[in-house]
Amino acid sequence: MNKIRNVIIIGSGPAGYTAGLYAARGMLNPLMFSGYASGGQLMLTNDVENFPGYPKGINGPEMMMELRQQAERFNCEIVDKNVDSVDFSSRPFKVIVAGEEFQSRSIILCTGAEAIWLDAENEEAQKGRGISTCATCDGAFFKDEEVLVIGGGDSAMEEATFLTRFASKVTILHRRDIFKASSIMYKRAASNPKIEIKPFSQIKKWISNEQGLIGAVLEDPRNNSIEEIKATGAFIAIGHKPMTEFLNNQIEIDHEGYILHKEHTMTSVSGVFAAGDVVDTRYRQAITAAGMGCQAAIDCERWLEDNAQ
Ligand SMILES: Cc1cc2nc3c(=O)[nH]c(=O)nc-3n(C[C@H](O)[C@H](O)[C@H](O)COP(=O)(O)OP(=O)(O)OC[C@H]3O[C@@H](n4cnc5c(N)ncnc54)[C@H](O)[C@@H]3O)c2cc1C
């Protein structure tokens with residue numbers, strides 16, 4: 001395994017597996033480190049209804065297992081370990097995994113961006129059972145139901161407005177009365193008759209029964225007073241954290257840590273490519289991540305042809 005590889009893929013969500021599939025079919029013999037969360041974010045969800053090819057929908061972990069098997073069928077070598085650090089200062093690039101060094105002519109980064117959760121009481125048990133971080137993905141499951149959106153930025157306003165297509169009522173909860181959202185996004189949400197905005201409300205605890213979420217206990221941070229709110233769905237929209245810390249600023253990232261593309265899917269380091277949510281602040285979908293994984297693998301193949309070492 002310790003020969004110089006053509007390409008090492010870091011991350012095993014839809015972007016990583018698709019990059020692995022294309023690189024393997026392109027005879028690059030890719031090595032993939034799947035990371036601490038093999039399969040990526042879709043391992044946290046039961047129903048994926050918007051990935052083409054599954055007319056009846058599919059369970060997230062099952063879908064990711066199928067993507068993995070498809071990449072492995074063409075001999076993408078997958079190691080279920082986390083990459084601790086990288087050295088992009090010279091070629092071949094170096095990738096450090098549990099103290100061991102791996103070398104590669106090129107790299108495809110597919111490490112995703114984790115949604116930030118509240119970590120309120122009972123949250124872990126309700127993830128994917130009423131509590132979500134993606135309205136585009138899960139909004140349609142809440143037709144004619146009452147839902148909550150937590151957050152005070154543009155994403156929260158956008159998610160809430162989108163959810164009014166399905167939900168009978170959307171309540172935006174924010175811990176302060178100052179909103180980071182732009183005034184146009186705030187006004188759009190505030191003027192929607194289906195949306196109520198409730199400042200000074202933070203989630204203390206999620207309430208559930210066997211069917212799933214039924215509400216939340218709210219606390220007013222000004223005086224610690226408590227009230228209950230009913231809802232069968234909740235969307236946490238307080239931001240995402242791109243998984244780029246381990247790169248130690250060796251490639252250009254934006255102020256939030258998202259990787260910047262310089263030429264197609266190539267980053268600021270020639271021979272290092274990136275795909276999926278780790279570069280995407282806008283779409284954050286499995287299909288867009290998979291599509292970009294394909295692009296990165298094709299860009300990488302072409303780069304290797306022009307930069308044979
Ligand atoms: C609850 C939930 C439900 C969703 N539902 C849908 C849906 O129905 N439809 C849809 O299209 N999208 C959905 N999404 C969004 C979708 O999951 C993401 O857009 C997609 O997974 C992004 O793919 P990715 O490959 O870029 O990254 P991810 O899926 O986030 O995968 C990142 C990978 O990188 C790995 N990694 C990170 N750091 C390292 C490291 N240092 N070393 C090695 N590996 C590392 C992780 O282990 C993981 O395998 C949902 C998201 C969530 C959270």
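**Reading a two-domain predicted model**

Biologist: How does Arg284 count at 23% relative accessibility?

Modeller: Buried means under 20% relative accessible area, exposed means over 50%, and partly exposed lies in between, with a 1.4 Å probe and protein chains only. At 23%, Arg284 counts as partly exposed. This is a predicted model, in which local features need pLDDT of at least 70 and side-chain atom pairs pLDDT 80 or more, while totals for chains, interfaces and linings use all residues. Residues are numbered from 1 along each chain as its sequence is written, and side-chain values use heavy atoms, without hydrogens and water.

Biologist: Where does Arg284 lie, and what is its phi?

Modeller: Arg284 sits in the loop between β17 (272–274) and α7. Helices (H or I, at least four residues) and strands (E, at least two) are DSSP runs, numbered from the N terminus. The phi of Arg284 is near 50°, a positive value in a residue other than glycine. Phe200, in the loop between β11 and β12, also is not a glycine and has a positive phi of about 55°. Phe200 counts as buried, at 19% relative accessibility.

Biologist: Which peptide bond is cis?

Modeller: The bond from Arg91 to Pro92 is cis, with omega near 0°. Pro92 belongs to the loop between β4 (85–87) and β5 (93–97).

Biologist: How should a sheet be read, and in what order do the strands β12, β13 and β14 stand?

Modeller: Strands of a sheet pair through backbone hydrogen bonds, either parallel or antiparallel. Here two strands pair if DSSP finds at least two bridges between them. The 3 strands form an open antiparallel sheet in the order β12-β13-β14. Its edge strands, each pairing on one side only, are β12 (202–209) and β14 (226–230). The twist averages 25° from one strand to the next; axes are lines fitted to C-alpha atoms, and angles run from 0 to 180 degrees between N-to-C directions. Between β13 (residues 212–219) and β14 there are 5 bridges, and Ala216 stands opposite Ile229 in β14.

Biologist: Which strands form the parallel sheet?

Modeller: An open parallel sheet of 5 strands runs in the order β8-β15-β9-β10-β11. Its edge strands are β8 (131–132) and β11 (195–198). Strand β8 pairs with β15 (residues 233–236) over 2 bridges, with Ser132 opposite Phe235 in β15. Strand β11 holds Lys198, which is buried with a relative accessible area of 19%. Contact means heavy atoms within 4.5 Å. Not counting residues up to four places away in sequence, Lys198 touches Thr171, Ile172, Leu173, His174, Leu218, Glu227 and Ile229.

Biologist: How many residues of helix α1 are buried?

Modeller: Helix α1 (residues 14–25) has 10 of its 12 residues buried, among them Tyr17 and Leu21. The elements covering these buried residues include β1 (5–10), α2 (60–73) and α7 (286–306). From first C-alpha to last, α1 reaches 16 Å, close to the 16 Å expected, where the expected span is 1.5 Å times one less than the number of residues. Met27, with a positive phi near 60°, follows α1.

Biologist: How is a contact between domains described, and what area is buried between domain 1 and domain 2?

Modeller: The size of an interface is often given as the accessible area lost when the parts come together. Domain bounds come from an automatic or database assignment, which gives domain 1 (5–114 + 240–306) and domain 2 (117–236). Their C-alpha centres lie 31 Å apart, and the contact takes 7 residues from domain 1 and 7 residues from domain 2. The buried area is about 570 Å², with 48% from carbon and sulfur atoms; this is the accessible area (1.4 Å probe) that two parts lose on being put together, summed over both.
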